[in-house]
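User: I'm a first-year student, and I'd like a close look at just one part of this model. Could you pick a spot, explain it step by step, and then show me what lies around it in the chain?

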Amino acid sequence: MWYDVNGDFMNDLIIGSHVSYNSTEGLVGSVLETLKYGANTFMFYTGAPQNTIRSSIDMELTDLAHKTMKEQGVDIKNVIVHAPYIINLANDKDEEKFNFGVNFLKQELKRTEMLGVNKMVLHPGSHVGLGLEKGIQNIIKGLNMVLESEDGPIICLETMAGKGTEVGRTFEELSEIIDGIKYKNRVMVCIDTCHMFDAGYDLSDFDKILEEFDSVIGVGKIGCVHVNDSKNILGSHKDRHENIGFGNIGFDNLLKVIYHDKLKEVPKILETPYVSTDGGKDRTYPPYKQEIEMIRNKKFDVNLLSEIRNYYK
Ligand code: FE
Ligand code: FE
Ligand code: ZN
């Protein structure tokens, strides 16, 4: 159960968005951004997502962030780190690159642990021509090198859209990876609504999709939900996120995922695109406060977002 600053009851929904993280403000900056959106959880990259340059972690700022989270009803167990997406465990053609990825992930897990976070989302990778089966075996090999014991943060493998040679497009592929992991308690799955839809899972019948997931992997293995609408059609294998209710999945179908009984304990994270406030190409305004408000109200409000989303008109 959640309470807002005034001690008023807020609904049980665990929801937040991707937020920024920088070395000057550390985790405090991420928490303050989260609170601006009226969220009660968040996800962040511990540095630029497209590179592996990382600064050291300021423990004083981390402690302050934890204190603020406690005061504001943000439960640290629902907070997520996202691994940089340039890491590709599926391809071992360049051994040096593969080993670099493994070592970087090990360090990233340590950083995640230092920040007090328990879950890290990871894109399984792309096999880049090696073939799906080899890709899966490489991911298993890499993850078993990264996960050296039963203890430490959990890696949530993300469901992918199937763009190019991405591995993890089907529940079966993810299940095969998990089967090969030695310390299975360290691996879960992050379901991404845009990715599943683009991969061909029809979210207009989410109960059926979840049943399928349950029989292939087990619903208990869902550690995170990425909530995004999709710019493209079912099965397009594109992976382009859209603001909630403005895409082809639609607001009501997304609500069914967000409020699904079996996913109640699972954090929901928005990764929808920033918007432009002046109709220009520069999309510098985060839509999360408005999107979270719509989700909490369970009502799509085209005006709420259109105001900050001029280009949509
Ligand atoms: Fe992701
Ligand atoms: Fe995602
Ligand atoms: Zn995506």
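Analyst: Let's begin with a pair of metals: the iron ion (ligand 1) and the iron ion (ligand 2) lie 3.2 Å apart, and Glu158 coordinates both of them. This is a predicted model, where local features need pLDDT of at least 70 and side-chain atom pairs pLDDT 80 or more, while totals for chains, interfaces and linings use all residues. Residues are numbered from 1 along each chain as written, chains are lettered from A and ligands numbered from 1 in written order, and side-chain values use heavy atoms, without hydrogens or water.

Who holds the iron ion (ligand 1)? His82 and His123 each offer NE2, and Glu158 offers OE, at 2.1 to 2.3 Å. These are its donors (N, O and S atoms within 2.8 Å of the metal, or 3.2 Å for Na, K and Ca; water is not among the atoms, so sites may look incomplete). Read along the chain, the donors follow the pattern H-x40-H-x34-E. His123 sits in the loop between strand 6 (119-122) and helix 4, whereas Glu158 belongs to strand 7 (residues 154-158), so this pair ties together parts that are 35 residues apart in sequence. Helices (H or I, at least four residues) and strands (E, at least two) are DSSP runs, numbered from the N terminus. Glu158 is buried, with a relative accessible area of 0%; buried means under 20%, exposed over 50%, and partly exposed in between (1.4 Å probe, protein chains only).

Now step across to the zinc ion (ligand 3), which is 5.4 Å from the iron ion (ligand 1). Its protein donors are NE2 of His195, OD of Asp239 and NE2 of His241, lying 1.9 to 2.3 Å from the zinc. In sequence, these residues are spaced H-x43-D-x1-H. Two of these donors are buried: Asp239 has a relative accessible area of 16%, and His241 has 19%.

Next, follow helix 4 away from the loop that holds His123. Helix 4 (residues 132-146) packs with helix 5 (residues 171-179) at an angle of about 40°, their axes 9 Å apart. That makes helix 4 oblique to helix 5. Axes are lines fitted to C-alpha atoms (for helices, over the stretch in contact), with angles from 0 to 180 degrees between N-to-C directions; under 35 degrees is roughly parallel, over 145 roughly antiparallel, 65 to 115 roughly perpendicular, and the rest oblique. From helix 4, Leu132, Glu133, Ile136, Gln137, Ile139, Ile140 and Leu143 meet Glu173, Glu176 and Ile177 of helix 5.

Helix 4 has another partner, helix 3: their axes come within 9 Å and cross at roughly 45°, so these two helices are oblique to each other as well. Here the residues of helix 3 are Phe98, Asn99, Val102, Leu105, Lys106 and Leu109, and they meet Asn138, Lys141, Gly142, Met145 and Val146 of helix 4.

One more residue of helix 3 (residues 95-114) deserves a look: Thr112. At 0% relative accessibility, Thr112 counts as buried. Setting aside neighbours within four places in sequence, Thr112 is in contact (heavy atoms within 4.5 Å) with Val81, Val117, Lys119, Met120 and Pro153.
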